[in-house]
Amino acid sequence: MNDASFFLYSSTLKDMEIVLLAVGKTRTGFVIEGINEYVSRLKRYIPFSFIELPDIKTTKVTTPDMQKSSEGEIILKKIVPSDYVVLLDERGVEYTSTAFAAWMQRQMASGRKRLMFVIGGPYGFSEAVYQRADAKLSLSKMTFNHEMVRMFFIEQVYRGMTILRGEPYHHD
């Protein structure tokens, strides 16, 4: 990485916060440990918050659309108008780790105050959440457990920060 891009990274670092918003609680021990490890590492580079929203109480008559709608209302309450909202969605854009790091650098340079990534519930997002989103990101064409996606994503944000700093964590 050249000195100009490092300057861009370091000069915008404190100006933006990254938030990961996820529907449901993380319950699996090794996933919780992984999340905590990467959040701890990541906070050395950029303000980062991981927010878990409560699971929606469902009944036998709750349809997937009803559940998505209820989750969507809770998600939308956490978003402020100035947030740049990125849904983690199977139909989103896929990046290599290096390309994702470059994308994050562009977001930091944009002057945005908060970059909000959202992981939906088991049925995805409501139409209202899709309409509010600014972008969609896919981690893979494969389907992952919702808890593990949290850890994978946080690790990728950390990896991106180390790429931008020219640190030896990532190997091409």
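How many bridges join strand 3 (residues 84-93) to strand 5? Four of them do, and the two strands run parallel. These legends walk through a predicted model, in which local features need pLDDT of at least 70 and side-chain atom pairs count only at pLDDT 80 or more, while totals for chains, interfaces and linings use all residues. Residues are numbered from 1 along each chain as its sequence is written, and side-chain values use heavy atoms, with hydrogens and water left out.

**View 1. The open sheet, with its five strands in the order 2-1-4-3-5.** The pairing is parallel. Here two strands pair if DSSP finds at least two bridges between them; helices (H or I, at least four residues) and strands (E, at least two) are DSSP runs, numbered from the N terminus. Strand 2 and strand 5 (135-137) sit at the edges, each pairing on one side only. From one strand to the next, the twist averages 30 degrees. Angles run from 0 to 180 degrees between N-to-C directions, and axes are lines fitted to C-alpha atoms, for helices over the stretch in contact.

**View 2. Strand 1 (residues 17-23) beside strand 2 (residues 48-53), in the parallel sense over six bridges.** Look for A22, whose bridge partner in strand 2 is E52. To get from strand 1 to strand 2 the chain goes through helix 2 (residues 29-42), and this β-α-β crossover is right-handed. That means that, with the strands pointing away from the viewer, the path from the first strand over the helix to the second runs clockwise.

**View 3. Strand 4 (114-119), with strand 1 and strand 3 as its partners.** Six bridges join strand 4 to strand 1, running parallel, and four bridges pair strand 4 with strand 3, again in the parallel sense. F117 is a good place to zoom in: F117 is the bridge partner of L20 and also of V86. V118, in turn, is the bridge partner of L87. Between strand 3 and strand 4 the chain passes through helix 4, in another β-α-β crossover that is right-handed.

**View 4. How covered are strand 4 and strand 3?** Six of the six residues of strand 4 are buried, so strand 4 is largely enclosed by the rest of the structure. Buried means under 20% relative accessible area, exposed over 50%, and partly exposed in between (1.4 Å probe, protein chains only). In a regular strand the side chains alternate between the two faces of the sheet. In strand 4, R114, M116 and V118 point one way, while L115, F117 and I119 point the other. Strand 3 is mostly covered too, with seven of its 10 residues buried.

**View 5. Strand 3 meets strand 5.** L88 stands opposite L137 in strand 5. V93 also stands opposite L137.

**View 6. Helices against the sheet.** Helix 3 (residues 64-78) packs on the sheet, touching strand 1, strand 2 and strand 4, and its direction makes about 165 degrees with that of strand 1. Touching, or contact, means heavy atoms within 4.5 Å. Helix 4 lies across strand 1, strand 3, strand 4 and strand 5, and runs at about 135 degrees to strand 4.

**View 7. Helix 4 (residues 97-109) packed with helix 6 (residues 146-165).** Their axes are 8 Å apart and make an angle of about 80 degrees, so the two helices are roughly perpendicular. For such angles, under 35 degrees counts as roughly parallel, over 145 as roughly antiparallel, 65 to 115 as roughly perpendicular and the rest as oblique. Helix 4 brings residues including F100, M104 and M108 to the contact, and helix 6 brings residues including F153, M161 and L164. By class, the contact has nine nonpolar, five polar and one charged residues. Ala, Val, Leu, Ile, Met, Phe, Trp, Tyr, Cys and Pro count as nonpolar, Asp, Glu, Lys and Arg as charged, and the others, Gly among them, as polar.

**View 8. Two loop residues, M16 and S82.** M16 is in the loop between helix 1 (3-12) and strand 1, and is buried, with a relative accessible area of 2%. Leaving aside neighbours within four places in sequence, M16 has contacts that include I46, P47, M108 and L115. S82, in the loop between helix 3 and strand 3, counts as exposed at 56% relative accessibility. From S82 to E94, 12 residues along the chain, the C-alpha atoms are separated by 24 Å.
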